[in-house]
Amino acid sequence: MSQSERTLVLVKPEAFKRGLTGEVIRRIEAKGYELEALAVVTADEAKLREHYAEHVHKHFFSDLVEYMSSGPMTAIVVRGERCIEGMRVMAGSTDPTTAPAGTLRGDFGRDWGSNNIENVVHCSDSPTSAEREIKIWF
């Protein structure tokens, strides 16, 4: 039975600034997933409140908004068999210091000493989240 699905990938501001969008796309395509949509976006607070709704009242939210709105990002809709799970494995754990080598976060992320985890990419964590997030960005 087919498990083709869609997911959202955001190449975060520091990764965009470092020119890593092409490498993220290269890895997505090398994995065999399709790029369904691609856009360079700059987030404002309203969009980030919608995207990170579960974090709005947490202590780190204002730092998160400051970081995620600090510059352009690349928003990508990825399609493929089990691509939500596949992209999360490809991204690696959210802590870039301990993310395994070979993952996007392990290869390109590090602790920059800021109040945010600047871990290169965001990937949707479920089909429900993916569809909700895709609607926000596209």
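Which helix lies across β1, β3 and β4? Select residues 83-91: this is helix α5, running at about 35 degrees to β1. Bear in mind during the tour that the model is predicted.

**The sheet**

Show the strands next. There are four of them, forming an open sheet in the order β2-β3-β1-β4, with antiparallel pairing. At the edges are β2, residues 34-41, and β4, residues 121-123; each of these pairs on one side only. Looking from one strand to the next, the twist averages 20 degrees.

Now select β1, residues 4-11, together with β3, residues 73-81. These two strands run antiparallel and are joined by eight bridges. Two of the facing positions can be picked out by name: Leu8 of the first strand stands opposite Val77 in β3, and Leu10 has Ala75 as its bridge partner in β3.

Turn to the other neighbour of β1. Three bridges join β1 to β4, again in an antiparallel arrangement. Here Leu10 stands opposite His122 in β4. Selecting Leu10 therefore shows a residue with a partner in each of two strands: Ala75 in β3 and His122 in β4, where a pairing needs at least two bridges between the strands.

How many of the eight residues of β1 are buried? Seven are, so the strand is largely enclosed by the rest of the structure.

**Thr7, inside β1**

Select Thr7, which lies in strand β1. Its relative accessibility is 0%, so Thr7 counts as buried. Show what surrounds it, leaving aside neighbours within four places in sequence: the contacts are Ile76, Val77, Val78, Cys83, Ile84, Met87, Ser124, Ala130 and Ile134. Among them, Cys83, Ile84 and Met87 fall within the residue range 83-91 of helix α5.

**Two cysteines**

Stay with Cys83, one of the contacts of Thr7. Cys83 is buried, with a relative accessible area of 0%. Then select Cys123, which is buried as well, at 4%. Why is there no bond between them? The sulfur of Cys83 is 9.7 Å from that of Cys123, its closest cysteine sulfur, and this is too far for a bond. Cys123 is likewise in no disulfide, and the count of disulfides comes to zero.

**The annotated positions**

Next, select Lys12, Phe60, Arg88, Thr94, Arg105 and Asn119. The unreviewed UniProt entry annotates these as "binding site". They are spread over 108 residues of sequence and also spread in space, with up to 22.6 Å between C-alpha atoms. The lining of the largest pocket takes in Lys12, Phe60, Arg88, Thr94, Arg105 and Asn119 from this set.

From that selection, go to Arg105, found in helix α6, residues 104-108. Is Arg105 buried or exposed? Arg105 is buried, with a relative accessible area of 6%. Not counting residues up to four places away in sequence, Arg105 touches Ala91, Gly92, Ser93, Thr94, Pro96, Ala99, Asn119, Val120, Val121, His122 and Cys123. Thr94 and Asn119 are in that list of contacts and also carry the "binding site" annotation.

Move from Arg105 to His122, one of its contacts. UniProt lists His122 for "active site", also in an unreviewed entry. His122 is found in strand β4 and counts as buried at 13% relative accessibility. Beyond four places in sequence, His122 touches Leu8, Val9, Leu10, Lys12, His51, Tyr52, Arg105 and Glu133. Lys12 and Arg105 appear there as well as in the "binding site" annotation.

**Two last stops**

Select helix α2, residues 21-30, where Thr21, Glu23, Val24, Ile25, Arg27 and Ile28 are buried. After α2 comes Gly32, whose phi is positive, near 100 degrees.

Finish at Trp112, in the loop between α6 and β4. Trp112 is partly exposed, with a relative accessible area of 36%. Leaving aside neighbours within four places in sequence, Trp112 is in contact with Glu14, Arg18 and Glu118. For a last distance, take the C-alpha atoms of Trp112 and Pro96: these residues are 16 apart along the chain, and the atoms are separated by 9.9 Å.

Conventions
Residues are numbered from 1 along each chain as its sequence is written. This is a predicted model: local features need pLDDT of at least 70, side-chain atom pairs count only at pLDDT 80 or more; totals for chains, interfaces and linings use all residues. Side-chain values use heavy atoms; hydrogens and water are left out. Helices (H or I, at least four residues) and strands (E, at least two) are DSSP runs, numbered from the N terminus. Axes are lines fitted to C-alpha atoms, for helices over the stretch in contact, and angles run from 0 to 180 degrees between N-to-C directions. Contact means heavy atoms within 4.5 Å. Buried means under 20% relative accessible area, exposed over 50%, partly exposed in between (1.4 Å probe, protein chains only). A disulfide is a pair of cysteine sulfur atoms within 2.5 Å. UniProt positions are given in the numbering used here, feature names are shortened, and annotations may be inferred rather than shown by experiment. On a 1 Å grid over the protein atoms alone, a cavity is a set of points where a 1.4 Å probe fits but cannot get out, and a pocket is an open set with protein on both sides within 12 Å along at least five of seven lines; lining residues have an atom within 4 Å of a point.
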